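Open the model in your viewer and show side chains as sticks. The stops below go from one selection to the next.

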Amino acid sequence: MHGRGGERGDSFRCVGCRLDVSVTAPGTAHRNHCPQCLASLHLDARIPGDRASRCRGRMTAIGLAVRPDGEWQVIHRCLSCDGVSANRIAGDDNPLPLIRLATRPLADPGVPVRALLAL
């Protein structure tokens, strides 16, 4: 449910870049982030699509994780409550911000690149 009253709309406006985003996306039944900037809202509590969170804060993409089956997930952190969640990427997500998240550790001067490359 994407509307304030719980009604399911066919799109939502991104809290980050203000793009109008369709709720339907290839590869996921519960789109919860913008395909361009990866911003999200803290809507789900425990189960994807439950829309049971009371926080409703803005969530920012902080990293990526890969499930054992090879599926990528965007890791979001809520800027209001500091909650963290993992969300599947969608088939129409812009690859540039995904690659930026994936390579962020390589750009961090505090992380020894040799150690990362040895993994």
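Select Arg31 first: in this predicted model, Arg31 is buried, with a relative accessible area of 3%. The cut-off for buried is under 20%. Now add Asp92, which forms a salt bridge with Arg31; the closest N and O atoms are 2.6 Å apart. Arg31 sits in the loop between strand 2 (20-22) and strand 3, and Asp92 in the loop between strand 6 and helix 1, so the pair ties together parts that are 61 residues apart in sequence. Asp92 itself is partly exposed, at 34% relative accessibility.

Next, colour the sheet. Its 4 strands follow the order 3-4-5-6 in an open, antiparallel arrangement. Strand 3 (40-41) and strand 6 (84-88) are at the edges with a single partner strand each, so one side of each has no neighbour in the sheet. Select residues 58-66 and 72-78: these are strand 4 and strand 5, joined by 7 bridges. Within this pair, Thr60 stands opposite Arg77. Then show residues 95-107, helix 1, which packs on the sheet and touches strand 4 and strand 5. The direction of helix 1 makes about 70° with that of strand 4.

Return to Arg77, which is partly exposed at 29% relative accessible area. Arg77 forms a salt bridge with Asp82, with 3.0 Å between the closest N and O atoms.

For the last stop, select Arg67 and Glu71, whose side chains meet in a salt bridge (3.0 Å, N to O). Is each partner buried or exposed? Glu71 is buried at 19%, while Arg67 is partly exposed at 35%. Add Asp69 and Arg88 to see one network with Arg67 and Glu71, joined by salt bridges that share partners.

Methods. Residues are numbered from 1 along each chain as its sequence is written. This is a predicted model: local features need pLDDT of at least 70, side-chain atom pairs count only at pLDDT 80 or more; totals for chains, interfaces and linings use all residues. Side-chain values use heavy atoms; hydrogens and water are left out. Two strands pair if DSSP finds at least two bridges between them. Helices (H or I, at least four residues) and strands (E, at least two) are DSSP runs, numbered from the N terminus. Contact means heavy atoms within 4.5 Å. Axes are lines fitted to C-alpha atoms, for helices over the stretch in contact, and angles run from 0 to 180 degrees between N-to-C directions. A salt bridge is a side-chain nitrogen of Lys or Arg within 4 Å of a carboxyl oxygen of Asp or Glu. Buried means under 20% relative accessible area, exposed over 50%, partly exposed in between (1.4 Å probe, protein chains only).
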